[in-house]
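Here are a few exercises to help you find your way around a new structure. Try each one yourself before reading the solution.

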Amino acid sequence: MKFYKFISVMLHPIVIPTIGVLLYFILIPNSFSSNQKFAVLGLIFVTTYIIPLVILILFKRLKLIKTFNAESIGERKIPIAMMIVLFYLLGNTIREIPNLSDIGMLFYATTLGLVFIYIFFAFKIKTSIHLLSLGITAGFFLVLNSLYSQNLIIVVICAFILSGLLASARLHLKAHTQREVYLGFVFGFISPIIVFYFL
């Protein structure tokens with residue numbers, strides 16, 4: 001059980017965006033200096049890790065959620081709505097930076113994925129945000145693989161493998177049903193594809 005909890009923490013949705021952008025800077029040729037990369041990573045880390053963490057702590061203090069996992073659909077609605085706005089604004093901000101439109105589109109894709117999550121609330125489905133984040137990562141690097149001459153399939157394959165491991169962990173912890181983890185990954189995976197090719 002400790003192993004499954006470890007996997008869930010290490011692959012938590014609030015750490016995946018920073019890891020994904022770090023991989024982008026490493027794998028995709030760019031003209032940014034180290035200081036510029038650190039500045040962008042810092043902005044993303046604060047927006048996608050620190051702010052969500054502060055929101056969860058505040059909500060727990062106000063007793064709007066019982067645990068940091070926000071286990072019920074009712075507890076998830078307000079935090080997810082706030083994340084939708086936050087990721088959309090982050091996408092707008094980063095897209096304005098020259099040569100960073102790809103990363104801006106990544107956060108638009110994340111916004112779309114979270115909108116899907118919110119829509120599923122209406123059907124009483126608590127879709128896995130853990131799997132959504134890895135699905136978005138896999139879809140994002142698949143799109144980049146088609147846009148650039150870099151061979152990024154290994155990253156996509158690794159994302160699929162980690163998704164399988166994470167899905168197993170979430171199921172063993174009884175955090176989600178099979179349908180909820182599958183929906184999370186599938187809608188995460190298609191979100192970057194929709195944003196890059198259809199929007």
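**Exercise 1.** In this predicted model, work out how helix H6 and helix H8 pack against each other.

*Solution.* Start with what you need: two packed helices are described by the angle between their axes and the distance between the axes. Now find helix H6 at residues 129-147 and helix H8 at residues 178-198. Their axes lie 7 Å apart, and the packing angle is about 35 degrees. Next comes the handedness: H6 passes H8 in a right-handed crossing. On the H6 side, the contact residues include Leu131, Gly135, Phe140 and Leu147. H8 brings, among others, Val181, Gly184, Phe189 and Phe196. Last, sort the contact residues of H6 and H8 by type: 17 are nonpolar, five are polar and none is charged.

**Exercise 2.** Classify the ring pair of Tyr118 and Phe121, and say how buried or exposed Tyr118 and Phe121 are.

*Solution.* The structure has 15 aromatic pairs, and here is one to work through. The ring centres of Tyr118 and Phe121 are 5.4 Å apart, with the planes at 65 degrees. Planes over 60 degrees apart count as edge-to-face, so that is what the pair of Tyr118 and Phe121 is. Both residues sit in helix H5 (residues 101-121), three residues apart, which is about one turn of the helix. Now check the accessible areas. Tyr118 has a relative accessible area of 34%, so Tyr118 is partly exposed. Phe121 comes out at 3%, so Phe121 is buried.

**Exercise 3.** Do the same for the rings of Phe140 and Phe141, then find the aromatic cluster they belong to.

*Solution.* The centres of the Phe140 and Phe141 rings are 5.3 Å apart and their planes are at 70 degrees, so this pair is edge-to-face. Phe140 and Phe141 are both buried. Look around them and you'll find one aromatic cluster formed by Tyr24, Phe25, Phe32, Phe140, Phe141 and Phe196.

**Exercise 4.** Which residues have the most contacts inside the largest nonpolar core, and which helix gives the most to this core?

*Solution.* The largest nonpolar core holds 59 residues, and Val21, Phe25, Ile103 and Phe107 have the most contacts inside it. Then go through the helices: H2 (16-27), H3 (34-61), H4 (73-95), H5, H6, H7 (153-172) and H8 each supply at least two residues of this core. H5 gives the most, with eleven residues. To finish, zoom in on Ile103: if you leave aside neighbours within four places in sequence, Ile103 is in contact with Val21, Tyr24, Phe25, Ile44 and Ile94.

How values were computed. Residues numbered from 1 in each chain as written. Predicted model: local features only at pLDDT ≥ 70, side-chain atom pairs only at ≥ 80, totals over all residues. Heavy atoms only, no water. Axes fitted to C-alpha atoms, helices over the stretch in contact; angles between N-to-C directions. Helix = DSSP H or I, 4+ residues; strand = E, 2+ residues; numbered from the N terminus. Left-handed = near helix turned anticlockwise from the far one by under 90°. Contact = heavy atoms within 4.5 Å. Nonpolar A, V, L, I, M, F, W, Y, C, P; charged D, E, K, R; others polar. Phe/Tyr/Trp six-rings, centres within 6.5 Å; stacked < 30°, edge-to-face > 60°. Buried < 20%, exposed > 50% of the residue type's maximum accessible area, 1.4 Å probe, protein only. Core = buried A, V, L, I, M, F, W, Y, C linked by side-chain atoms within 4.5 Å.
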